[in-house]
Amino acid sequence: MSLNESGGFRSRSKRGNAPKRPAQPPKKQQQPRQRQAKLRLEGVDKPRAVAFEVLTAVATQDAYANLVLPKTLREARLSGRDAAFATELTYGSLRTQGVLDEVIAAASSRALSDVHVDVLTALRLGAYQVLYTRVEPHAAVDTTVRIVGAAGQPRAKGFANAVMRTITRKTPEQWLDQLTPAGEVAAMAFRTAHPQWIAESFARHMPTEELARALEEDSARPIVHLVARPGEISAEELALISGGEEGAYSPYAVYLSSGDPRDVEPVKQGLAAVQDEGSQLIARAVTIAPIDGQDQGKWLDLCAGPGGKAALLGALARIDGAHVDAVEVAPHRAKLIQKVTGDLPVTVHVADGREPGLEPGFDRVLVDAPCSGLGALRRRPEARWRKSESDIAELSQLQRQLLASAAKLVRPGGVIVYSTCSPDLRETREIVNHAVAHLGLEELDAHDLACGMDNVGTDKSVQMWPHRHGTDAMFFAVLKRPADLG
């Protein structure tokens, strides 16, 4: 067994490079509602029909499940247990895709590159039910075959039936024992449904005995974190209204263990929003990091899209009498920032953060740099199979350039908070070390800015982890421009 370029596992024999998919959609491609109707006519229940629809969008349109699934659930009018089942099938199939593909390849008479994408999507959905749920095997086999027919691939029904029946002849543990690769980290990666390179990236931070727990938590579905907008509502009030629990670290955080956050009244009114607690801590750190001299209230968010941190910065700026300039290179993301910042003291600029065209002299600068997003894989389960280790080098170059831009824009004695939603050292410590060595910046101890969070690493920076802190695996460091830098 070897790794393919995208980081997924590939068997040496039959799997091939990628599932077969049309170069462009056929002229009479079924629309989502037409497909849903046909699935129902074929006797496929609504939860499985919804899951298949979302998985198809992810596979063929590079869609994000966390954006497509809520809409599809509403259109299908699913709620309660049916919605929960559809959600579990969707996220579970995406999260374990690497393992599912290995099992399907071992049970198949064809290379996966020769299997039509709709057929492979149906097989993934069926295999997930057999391997990871309590669904009866015969039900998983039957509905998989029905889905293949309803998806316009009736000639593949016999193939799908044969593959599924082969999968049901072994227990999930027997399949894992058969397909788990050699090597401790490689085995952990496979059994927790991670590409090996991502597991190796995590392993650079912790002993092997902790790695398994980190990978397992990275595959668990996170609870929703809400942020209470400072000056509008307190975390205590938000917790009482929402039925949630106040956060462990951020003074604005509330944990919502169940329910739709869009149904929470303060969220509807714009007094609160969904935001990971780690993200809240980073935005807060920008506002409280020690600077030399008086804070003139000139704050900058250099990579502001889609606007969560900019909104929290704006709320805190309003309290402190400061103003935030928010830079975003993509016009559609700039519009999102404008929407979430509303009447806050935030000015949005559509510009490249490397050359934003702003006058220097900012007291505080946030560089929430574009990154691999390895720290948020639990929120976007399909992302782990889309990412490639080769992307890191290009991202690292961009991150260095953005920090160099920030170093020119911050005033002497001012601070830069550099953050990523990635724990990969090539995007975190290596970028900070380069800035200290080549930009003349001084790194400050960020641990005191993490609101009592412990076990955040031995460096001056802060590295958060889902299994340690319940946040995404976010990183931040605080850098000061010395007064004599020139």
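Domain bounds here come from an automatic or database domain assignment. With those bounds, this predicted model is divided into four stretches: domain 1 (39-174), domain 2 (180-219), domain 3 (222-274) and domain 4 (277-481). Let's walk through where domain 1 meets domain 2, then a helix pair, and finally some backbone details that you can look up in the structure above.

**Domain 1 and domain 2**

- The C-alpha centres of domain 1 and domain 2 are 26 Å apart.
- Five residues on the domain 1 side make contact with four residues on the domain 2 side.
- Between them, domain 1 and domain 2 bury an area of about 430 Å², and carbon and sulfur atoms supply 59% of that area.
- On the domain 1 side, the residues that lose the most area to domain 2 are Arg95, Val99 and Glu173; together these three account for 80% of what that side buries.
- The rule finds one salt bridge across the interface of domain 1 and domain 2.
- If you would like a salt bridge to look at, the side chains of Glu173 and Arg191 form one, with an N to O distance of 3.1 Å.

**Helices H4 and H6**

- Helix H4 covers residues 80-95 and helix H6 covers residues 117-132; their axes come within 9 Å and cross at roughly 100°.
- Because angles of 65 to 115 degrees count as roughly perpendicular, H4 is roughly perpendicular to H6.
- From H4, the residues that take part in the contact are Glu88, Leu89, Gly92, Ser93 and Arg95.
- Their partners in H6 are Arg124, Leu125, Tyr128 and Gln129.
- Sorted by character, the residues of this H4 and H6 contact are three nonpolar, three polar and three charged.
- Arg95 is worth finding in the viewer: Arg95 is one of the H4 residues that meet H6, and Arg95 is also among the domain 1 residues that lose the most area to domain 2.

**Backbone details in loops**

- Gly305 and Pro306 are joined by a cis peptide bond, with omega at about 0°.
- Pro306 sits in the loop that runs between strand E7 (298-301) and helix H16 (308-320).
- Asp62 is not a glycine, yet Asp62 has a positive phi of about 55°.
- You will find Asp62 in the loop between helix H2 (46-61) and helix H3 (65-76).
- Cys451, a residue other than glycine, also has a positive phi, near 55°.
- The loop that holds Cys451 lies between strand E12 (442-444) and strand E13 (462-463).

Conventions: Residues are numbered from 1 along each chain as its sequence is written. This is a predicted model: local features need pLDDT of at least 70, side-chain atom pairs count only at pLDDT 80 or more; totals for chains, interfaces and linings use all residues. Side-chain values use heavy atoms; hydrogens and water are left out. Axes are lines fitted to C-alpha atoms, for helices over the stretch in contact, and angles run from 0 to 180 degrees between N-to-C directions. Helices (H or I, at least four residues) and strands (E, at least two) are DSSP runs, numbered from the N terminus. Angles under 35 degrees count as roughly parallel, over 145 as roughly antiparallel, 65 to 115 as roughly perpendicular and the rest as oblique. Contact means heavy atoms within 4.5 Å. Ala, Val, Leu, Ile, Met, Phe, Trp, Tyr, Cys and Pro count as nonpolar, Asp, Glu, Lys and Arg as charged, and the others, Gly among them, as polar. Buried area is the accessible area (1.4 Å probe) that two parts lose on being put together, summed over both. A salt bridge is a side-chain nitrogen of Lys or Arg within 4 Å of a carboxyl oxygen of Asp or Glu.
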